[in-house]
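Reader: I'd like to go through this one with you and ask how you justify the labels you put on things. Can you show me the structure before we start?

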Amino acid sequence: MVFALPLFGQQDIHDIYSLEYSKKIIYDLSDTGFNGREAGTKWGKKSAAYVKREFQKAGYDVCVQKISDAELDATIGNPKNKVYPKMMRNVIAVMPGRDLHRYVVVGAHYDHLGNTEAGIHPGADDNASGIATILTLAKMVKASGITPEYTLVFCAWDGEEKGLLGSKYYVQRWFDNREEGDSICCYINFDMVGRSDNTDIPSATFAWNDNYPFLLDICKEAQNDIPQPFNVMYDRRTGDGKGGSDYAPFSAHDIPFIAWMEDELHVDYHKPTDTPDKIHWEKHRKLTILSYEVLVRLLKK
């Protein structure tokens with residue numbers, strides 16, 4: 001399995017990470033003009049359009065997967081008699097690989113809680129931080145000149161806060177419509193990756209499906225190639241479909257997954273106080289660089 005020669009050295013690729021760009025994405029999505037990014041609202045639609053434009057600026061072909069309440073009900077069912085949003089939108093950007101039937105999927109949800117009695121929920125860490133990460137990864141991969149062995153798919157999910165709706169729909173539709181030989185080789189998720197309990201030595205949690213120990217090996221190897229100090233907290237999971245973020249629908253189908261998440265659940269979780277001024281920017285930079293090193297290893301595995 002061969003990559004095209006990269007255009008940049010390793011350090012140059014790491015320098016694609018831009019504090020200015022990450023701040024722009026997180027501050028923009030946290031702005032009151034997005035009114036908390038609730039799925040199924042006009043602000044959710046506005047958020048999807050914003051993310052789509054950013055992927056397009058990075059040079060990707062992008063589509064918006066529109067999901068009606070009727071399609072949700074038909075595809076994933078309605079076991080709890082929920083009232084689904086009338087329309088949601090997953091934003092999907094694709095880089096074709098040498099193999100068009102095998103995929104590495106990278107995702108983060110862009111929706112949040114909207115405007116409640118408590119006020120507007122900015123959702124800076126949850127999960128503008130994850131969206132900033134996948135947008136930067138998209139820029140890094142594109143700039144590297146890599147021709148991946150597998151097709152790379154970036155997904156910005158809608159409806160995570162309402163029960164992982166966007167990712168559940170995507171996974172089920174993919175299985176219902178896949179062609180012979182199609183497979184998802186790995187899924188990587190980012191949710192709440194902008195804060196750290198330890199400001200001196202920033203940390204992140206790396207959860208993985210322990211049916212696939214190579215995932216742990218890749219991360220430990222990649223740690224040698226990133227700026228230090230940075231602490232990775234390893235959280236062994238089983239592929240049982242359980243979990244509170246968008247890796248769970250992939251896990252339910254025994255797809256190898258990596259879930260990057262917070263080191264500790266902070267006091268601003270699901271509150272109007274989850275604001276961008278509290279982001280630990282050095283943690284976000286190092287986590288993005290580490291996840292890039294993990295990703296490129298997966299793309300050539």
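Author: Let's fix one term before anything else: buried means under 20% relative accessible area, exposed means over 50%, and partly exposed is in between. Also keep in mind that this is a predicted model.

Reader: Fine. Why is E38 called partly exposed?

Author: E38 has a relative accessible area of 26%. The partly exposed class runs between the 20% and 50% cut-offs, so that value puts E38 in it.

Reader: What makes the contact of K162 and E38 a salt bridge?

Author: The rule asks for a side-chain nitrogen of Lys or Arg within 4 Å of a carboxyl oxygen of Asp or Glu. For K162 and E38 the N to O distance is 3.0 Å, so the pair qualifies. K162 sits in the loop between β6 (150-157) and α6 (165-177), and E38 in the loop between α2 (19-30) and α3 (42-57), so the bridge ties together parts that are 124 residues apart in sequence. K162 is partly exposed too, at 31%.

Reader: How many salt bridges are there by this rule?

Author: The count comes to 13. One of them joins R237 and D235, at 2.8 Å from N to O. R237 has 22% relative accessibility and D235 has 23%, so both count as partly exposed. There is also a network of salt bridges that links E221, D225, E293 and R297.

Reader: How do you know that E282 and R285 are separated by about one helical turn?

Author: They are three residues apart in helix α9 (residues 281-299), which means about one helical turn between them. Their side chains meet in a salt bridge at 2.6 Å, N to O. E282 is partly exposed at 32%, and R285 is partly exposed at 25%.

Reader: K283 lies in helix α9 as well. Why is K283 said to have no salt bridge?

Author: The nearest side chain of opposite charge, D263, is 4.7 Å away. The cut-off is 4 Å, so D263 doesn't make the grade. K283 is nevertheless buried. Leaving out residues up to four places away in sequence, K283 touches several others, among them V193, R195, P202 and F230.

Reader: What makes S68 buried?

Author: S68 has 15% relative accessibility, which is under the 20% limit, so it counts as buried. S68 lies in strand β1 (residues 61-68) and touches P85, K86 and M87, not counting residues up to four places away in sequence.

Reader: And why is I131 called buried?

Author: I131 is at 0% relative accessibility, so it is under the limit as well. I131 is found in helix α5 (residues 124-144). Apart from neighbours within four places in sequence, I131 is in contact with residues including I25, L29, V51 and Y110. The C-alpha atoms of I131 and I26 are separated by 8.0 Å, although the two are 105 residues apart along the chain.

Reader: What about the backbone: what makes N35 and L164 worth pointing out?

Author: Most residues other than glycine have a negative phi. N35 is not a glycine, yet its phi is positive, about 50°. L164 isn't a glycine either, and its phi is about 60°. N35 lies in the loop between α2 and α3, and L164 in the loop between β6 and α6. At 13%, N35 is buried, and L164 is buried at 9%.

Reader: Which peptide bond involving P229 is cis, and what is its omega?

Author: The bond that joins Q228 and P229 is cis, with omega about 0°. P229 is in the loop between α7 (214-222) and β9 (231-237). The bond from D126 to N127 is cis too, with omega near 10°, and N127 lies in helix α5.

Reader: Last one: why is the whole chain called as compact as a globular protein of its length?

Author: The chain has nine helices and ten strands. Its radius of gyration is 18 Å, close to the 19 Å that the globule rule gives for 301 residues, so the chain is as compact as a globular protein of that length. Buried residues make up 55% of the 301.

How values were computed:
Residues are numbered from 1 along each chain as its sequence is written. This is a predicted model: local features need pLDDT of at least 70, side-chain atom pairs count only at pLDDT 80 or more; totals for chains, interfaces and linings use all residues. Side-chain values use heavy atoms; hydrogens and water are left out. Helices (H or I, at least four residues) and strands (E, at least two) are DSSP runs, numbered from the N terminus. Buried means under 20% relative accessible area, exposed over 50%, partly exposed in between (1.4 Å probe, protein chains only). Contact means heavy atoms within 4.5 Å. Lys and Arg count as positive and Asp and Glu as negative; His and the chain ends are not counted. The radius of gyration is taken over C-alpha atoms; the globule rule is 2.2 Å times the number of residues to the power 0.38.
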